Amino acid sequence: MNAESLRKILDLEKQKSYADTAVFGGLDKFLRNWSAQAVESVVSPRLLGRFHKLFKASYAAMTPEQRRNWARDVLGFLDDMEGKDSVVETPAASPPAPPARKKLAPKAKKVVASTGGPGLDSPVTIVKGISTSFSSKFGKLGVKTVRDLLYFFPHRHLDYSKMKFISQLTEGEEQTIVANVWQAQETRPGGRRSTEAIVGDETGNIRVVWFNQPYLAKKLTTNARIMLSGRVSLFRGRHVFQSPEWEIMEGQDLVHTARLVPVYPLTAGLRPRQVRKLMKEFIDRWAGQVTDFLPTALRKRLGLLELPAAIGQAHYPEDEATKDKARVRLAFDELFLLQLGVMSKKRDWQESRPGNAFDIKLPTVGKFIESLPFTLTAAQNKVLKEILADLGQTKPMSRLLQGEVGSGKTVVATAALLVAADNGYQGAFMAPTEILAEQHFATICQLLSKLGQEEGEGYLKSYSGFLERPLKVALLIGDIKQAGKKQIQKQILEGDIDIVIGTHALVQKGVEYHKLGLAVVDEQHRFGVEQRSALREKGFNPHMLVMTATPIPRTLALTLYGDLDLSVIDELPPGRQTVKTKWLKPNQRESAYVFVRKQINEGRQAFILCPLIEESEVIMAQAAVVEYERLSREVFPDLKSGLLHGRLSSAAKDAVMESFRSGELDILVSTPVIEVGIDIPNAAVMLIESADRFGLSQLHQFRGRVGRGREQSYCMLLTENPSEVARERLDIIESTQDGFELAEADLKMRGPGEFFGTRQSGLPDLRMAKISDVALLELARNEAIKLFQVDPGLERAEHRLLAQEMARVWAGAAEWS
């Protein structure tokens, strides 16, 4: 506290007969600034009271006599302050140690098994402090049972464990102090009812402000011992705690301060302190009641925490190291159970119900390959061999075929469908959208027309001259008129149709097969596991080939598709070119339009992609219509533009696509329905609006719509105001053409939920596991394989609890019930 400057001012004021002229503009402004800094040096509560009384007064409003008396009192106060030696130098002592905490007993008495009984599966209302109305708020967060609440983990922790003296505080970091409350009062900064307090320890004082929390002024009584945790900021050159977490020290286990403090997901009506306090009492009471389902030998060999301790430490960890151990244990559980589940499904499909071994007639396959107007790549040949080997087994094929856009997956799938037809079995080919189903129908018919004589039109075609009987191919989508649809369904049931191509309509009621032997599913990540199973149930355990153009990192593929063997076409056909990619700032929009026009004038065509504004086809369609009208009227009035979005009828979509394919249209304005499969060799420019809204894998898919012809192709990414993360994504897509590299980067940046757009239906939730944690994922997979080899049915006594947990997590999986 600089008392000397105030003494000099008061001495000058005395010489000027207390006329308030010692300081330019009057003494009040000087006194406000001086007292704001000086208050932190006042340690004694008695002196603090005098200080506030003296410096609350307005010097300008006093008479000269009152000013003289006031100045005398202030000088007396300064003498008392200096006599008390109240400004203490920072001691060399260590920071105060945080108070000892009660530890969650990892081996608390286990009252209820983790897999049933009237405990963990009871409604959350049996928990002390959760009323019916309170439980409805938790329900919005997916918490309905006691078990849900145990696994309601914080999404992060604030580190308030660093204890300091007031004199050691620095701005910007999370810090904790223990101090005495000298004074607390309600204030109104900016008109907001708030609480302001002065607190101190043996090294000094600090001002604390809680905005919009006036009630604290009554709670924080003078001389109360208080713990504060939060960030310190500088205000007028002095440290201030702004809205820190606080707890009055009463010997209880700390919840909000001096530790790693959990931050829970919230919804309207749930407040952070309220949820933390409730969760602390709940975890202390209930975590010990969970039975550990992992076999003891496995847990000890891997050095994993026991489950009750892991749950407790995931909520209220003792330190960072223990928090990490808890995460590893809980993440391992999720991945281990996931692996066991998908492996059991594969075993059930392949071993409990035999499939149909096809006679692989190589002359038929050879004729088809020779009829192609191109040569298969080495990667295509390798994958085709793997598929044909599977089709020759009684164990039904379960294979995931990955390949970049344009790598030739459809050709390989067509060869497999031919083998099925040659053996007297039907093949079903399921695509995620009607546009893609129609395109696959057109592609497969084009391939077959090179092999034999084509007859028929519209949705039903026949090819003769290479099998013992004509091969019939049909398209079944929602847009076909009812009479035509019924006729196709009848022919499928009677076995007249060999290959049927469609959307999810192929698994709906009303579509029954005569002898389904092979199911091909394109773009698997758009289908839930249940739809895949429904298609499988249409036949006597048919062979299953799942194809995706979305490069899925191997680790993720093995996790989410652990029930499938993996084949990769990692080679593009010769002549496929690199698409030059550039992301542009808003001020480069006009130059992008100029470039599009230049390319069109040279005979090329362009896609302009509108952003996904809402997860709603209606709103997306409206946005596309508005953009289409703007571009047609204001930007490219002299060019021919078309519009494609998900709300158009099939006939309208077909008409637009045919106009674009034939070259009648120069520009196709579209929503993200063009993400996969659309093949226009003359389209050389892809302009993506608001590119920062999309993930890397999606941008790569969009980019794959161009670069299919001989001319150099370009992808331009327009952005408005990209975030730091979006900028990083755009830099990566600009410099990388490899889909697998992009998929790995996308996964690390966005996590599996966003990577797939929507969560895989039929798979358990992952709360703690990160798919990007390759080491843990492979450990869980290897341990699941080992266990599966010795006890696939989990029938041994030491696996009984694990079998019960599997039944609960994979509810409805017959082999675990």
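**Helix packing and strand pairing in a predicted model**

Trainee: At roughly what angle do the axes of helix α12 (residues 362-371) and helix α14 (residues 409-422) cross?
Mentor: This is a predicted model, in which local features need pLDDT of at least 70 and side-chain atom pairs count only at pLDDT 80 or more, while totals for chains, interfaces and linings use all residues. Residues are numbered from 1 along each chain as its sequence is written, and side-chain values use heavy atoms, with hydrogens and water left out. Helices (H or I, at least four residues) and strands (E, at least two) are DSSP runs numbered from the N terminus, and axes are lines fitted to C-alpha atoms, for helices over the stretch in contact, with angles running from 0 to 180 degrees between N-to-C directions. On that basis the axes of α12 and α14 come within 10 Å, and the angle at which they cross is roughly 145°.

Trainee: Which residues of α14 do Thr 364, Val 365 and Phe 368 in α12 meet?
Mentor: α12 passes α14 in a right-handed crossing, a term for a near helix turned clockwise from the far one by less than a right angle, with anticlockwise giving left-handed. The residues of this contact (heavy atoms within 4.5 Å) comprise 6 nonpolar, 2 polar and 1 charged, where Ala, Val, Leu, Ile, Met, Phe, Trp, Tyr, Cys and Pro count as nonpolar, Asp, Glu, Lys and Arg as charged, and the others, Gly among them, as polar. On the α14 side, the residues met are Val 411, Thr 414, Ala 415, Leu 418, Val 419 and Asp 422.

Trainee: How many nonpolar residues does the contact of α13 with α14 have?
Mentor: Helix α13 (residues 378-391) packs against α14 at about 25° with the axes 10 Å apart, which makes the two helices roughly parallel; that class takes angles under 35 degrees, whereas over 145 is roughly antiparallel, 65 to 115 roughly perpendicular and the rest oblique. From α13 come Gln 380, Val 383, Leu 384, Ile 387, Leu 388 and Leu 391, which meet Val 411, Val 412, Ala 415, Ala 416 and Val 419 in α14. With 1 polar residue and no charged ones, the number of nonpolar residues is 10.

Trainee: How many charged residues are there in the contact of α15 with α21?
Mentor: The axes of helix α15 (residues 434-449) and helix α21 (residues 650-662) come within 10 Å and cross at roughly 55°, and the two helices are therefore oblique to each other. Glu 434, Ile 435, Glu 438 and Gln 439 in α15 meet Ser 650, Lys 653, Asp 654 and Arg 661 in α21. Besides 1 nonpolar and 2 polar residues, the number of charged residues in this contact is 5.

Trainee: Which residue takes a positive phi in the hairpin of β5 and β6?
Mentor: Two strands pair if DSSP finds at least two bridges between them, and strand β5 (residues 225-235) pairs with β6 in the antiparallel sense over 4 bridges, with Val 232 facing Phe 241 of β6 as bridge partner. Strand β6 (residues 238-242) also runs parallel to strand β4 (residues 204-210), to which 3 bridges join it. The hairpin has 2 residues between its strands, and the residue with a positive phi near 55° is Arg 236.

Trainee: In the open sheet of 6 strands, what angle does the direction of helix α19 make with that of β22?
Mentor: The strands of this sheet follow the order β18-β23-β22-β19-β21-β20 with parallel pairing, and the edge strands, each pairing on one side only, are β18 (580-584) and β20 (641-644). Neighbouring strands are turned by 20° against each other on average, direction ignored. Within the sheet, 5 bridges join strand β19 (residues 605-609) to strand β22 (residues 683-688), one bridge partner pair being Leu 609 and Ile 688. Helix α19 (residues 589-601) packs on the sheet, touching β18, β19, β21 (667-670), β22 and β23 (714-718), and with the direction of β22 its own makes about 165°.

Trainee: How many of the 9 residues of helix α10 are buried?
Mentor: Buried means under 20% relative accessible area, exposed over 50% and partly exposed in between (1.4 Å probe, protein chains only); Glu 4, at 45%, therefore counts as partly exposed. Across the chain, buried residues make up 54% of the 817 residues. Helix α10 (residues 307-315) is mostly covered, and the buried residues include Leu 307, Gln 313 and His 315. Of the 9 residues in α10, the number buried is 9.
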